[in-house]
Structures are given as structure tokens and as C-alpha cells.
Amino acid sequence: MIRKKRALSSDEARRVRQQGHNDALQFALELGLTHDYQNERQAKKDVIDPSGDAHSLKSGQKKWQIFLYRRERFLKDSAFLLMNGIGAIFVECIDAFPEAFDDYVRDKGTAKTKLQDPMVRLAEKLKGPGRLRGFILKAIFNGGEVNYLTVKHQGKFHVFHNTDVASVFGEFEVCNSRVFKVGDFPNQKVLLRWQGLNVGEIEMRNDSQGHYREIRFNMIKPRAMELLFSKIPHKSTFSPMVEVYGKADKYFGRWLKKR
């Protein structure tokens, strides 16, 4: 069932961002870095560790926002442009909506009807062999430039290698959203599912003038973590606050292993 979600207030959004910054700093200090640790947030590199490897750090309790992109991002990012037409379909999803937010508010039905076709084609594209895995690598790891997904969960940081995460999430079932009441519109989202449950959602964000005509990719944290823990074995404990899984154990902490 599709439920209308309340957008975060400005204060709530600011609090979430600040918590993310605080968690990134805590992780950096745990690795022995200083308060002016290196990062490159635009490239999803929230923390760059002493080996020069990059971590995308997620913390939120309920959801992770993987990306929130405007039309220009899909037009200028070569990876999206070359990804079997996926970037062009994202642009079509955005172009289903009028440029002016007020025009959309006056006639939401027309835009939502236009959105159905590109959303269906996006789901079909992602079902192609290896495409979902490639999309996950781009969406979370900027095409592999980021080495690890590091998650703050239950008071600890859990480090996963990008190839492990892409392999696990690359097995999601891909489908479009349905509706269960009169007046709603089907095919408004692409859903990534595991054992019948939604784990990821790709959707349009049109809930306010400040976030209009944007594509959002969210993941439900508890379900994503359950899947990662069940599929990627724990390998080592880096410190009382940092646990390491799967292939990450081979690479993470190299600055200590070389001593």
C-alpha cells in the first residue's frame, strides 16, 4: 500500500544532517584521524581513512537517503548517461512534471499519469542482467570510487566492502508500486524488494516547492541491515566501536597492517 508521507521540516532535516556529520566525525576519530579529517561529500566520500580509502557513512534509524538528484545531475553525470539509458529515463520521469510547482498543484493527475510510462520502463531496465548491481555501485559508491559502506547501527560502526554490498543488493526483486484505493495512481515508484518486503524506493519528490522535480532513492535501514548481516559474514573487530565484514577485512585497516 502506498501511504502519503510527511516531508521532514527544515529543523528536522537540519538535525538529521547534523547527526550525520557528528557520526562521521566520531568514526574518523575512531580511526585515529583528527577533527579536520578528509572528506568529499559531493562524491559520497564522507570519511577518507588513513589508507586513502573512502567510506559512505549512513546512520539514520529508519531510512537512508541514497540520493536526491535534480534533472541537471542526470544530464551531466556521464555514468548515468552511459548506463543503458537509465539516466535518460530518469530525465523523462522528471519531465513528466511541469516546470512550475503551482501548475503541478493545480493538476497533479496529469503529471502522475505521464510518470507511469517512464517508471515502468525504469523498472524493466533495472531488471536487465547486472544492471541493478551497476546501479547500486553508482548510487551508493559513485561508480566504485567509494570503497566502503559504513553504517552506524546499535552504537557501533559496521564496515562493508562495495563489491559485497552491490552483490547483495543486486539481487533485489524489482517492481513498480501498486495502489489499493480509488483515486491513487499505480506505477509511481520503482520498488526494490526482498522476500516480499520493500527495502528500497525510487520515486519523485514533489512534496514542496523547495524539493520539486527531484528523484529520490531511499532504503529502509532495518531491512537493509538485516539483509547485509545475513549475507555478509562478520570477519574481524577493528576496535570496540568498529566491526568489519566480508571482503572489507582484506583491505580495511591497511595503514595498521603495514606496520
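Which residues are buried in α4? In this predicted model, the buried residues of α4 are Ile86, Gly87, Ile89, Phe90, Val91, Cys93 and Ile94. Helix α4 spans residues 86-95, and seven of its 10 residues are buried, so the helix is largely enclosed by the rest of the structure. A second helix, α8 (residues 162-169), gives a similar picture: six of its eight residues are buried, so α8 too is largely enclosed. The buried positions in α8 are Asn162, Asp164, Val165, Ala166, Val168 and Phe169.

The strands β3, β9, β8, β7 and β6 form an open sheet, arranged in that order and with antiparallel pairing. The edges of the sheet are β3 and β6 (173-176), each of which pairs on one side only. From one strand to the next, the twist averages 20°. Helix α7 (residues 131-141) packs on this sheet and touches β3, β6, β7, β8 and β9. The direction of α7 makes about 85° with that of β3.

The pairing can be followed strand by strand. Strand β3 (residues 63-69) runs antiparallel to β9, and six bridges join the two. Within β3, Lys63 stands opposite Ile220 of β9. On its other side in the strand order, β9 pairs with β8 (residues 197-205), again in the antiparallel sense and over six bridges. Here Arg205 has Glu214 of β9 as its bridge partner. Strand β8 also pairs with β7 (residues 189-194), in the antiparallel sense and over six bridges. In this pair, Leu191 is found opposite Glu201 of β8.

Strand β9 (residues 214-220) is mostly covered, with seven of its seven residues buried. The side chains fall into two sets. Glu214, Arg216, Asn218 and Ile220 point one way from the strand, while Ile215, Phe217 and Met219 point the other way. Both sets are buried. Two of the residues already met in the pairing therefore belong to this covered strand: a residue counts as buried when its relative accessible area is under 20%, and Glu214 and Ile220 are both buried.

The second largest pocket has a volume of about 160 Å³. Its lining consists of Trp194, Gln195, Leu197, Val199, Arg223, Glu226, Leu227 and Ser230. Strand β8 and helix α9 (221-231) each supply at least two residues of this lining. Helix α9 gives the most, with four residues. Sorted by class, the lining holds four nonpolar, two polar and two charged residues. Strand β8 thus appears in two settings: as a partner of β9 in the sheet and as a contributor to the lining of the second largest pocket.

A final site lies in a loop. Lys45 is placed between α1 (10-30) and β1 (47-48). Is this lysine buried or exposed? Lys45 has a relative accessibility of 16%, and so counts as buried, since the cut-off for a buried residue is under 20%. Apart from neighbours within four places in sequence, Lys45 is in contact with Asn39, Glu40, Ala54, His55, Glu145 and Val146.

Key
Residues numbered from 1 in each chain as written. Predicted model: local features only at pLDDT ≥ 70, side-chain atom pairs only at ≥ 80, totals over all residues. Heavy atoms only, no water. Buried < 20%, exposed > 50% of the residue type's maximum accessible area, 1.4 Å probe, protein only. Pairing = 2+ DSSP bridges. 1 Å grid on protein atoms, 1.4 Å probe; cavity = no way out; pocket = protein on both sides within 12 Å on 5 of 7 lines; lining within 4 Å. Points joined across faces, edges and corners; volume = space filled by probe spheres on them. Nonpolar A, V, L, I, M, F, W, Y, C, P; charged D, E, K, R; others polar. Axes fitted to C-alpha atoms, helices over the stretch in contact; angles between N-to-C directions. Contact = heavy atoms within 4.5 Å.
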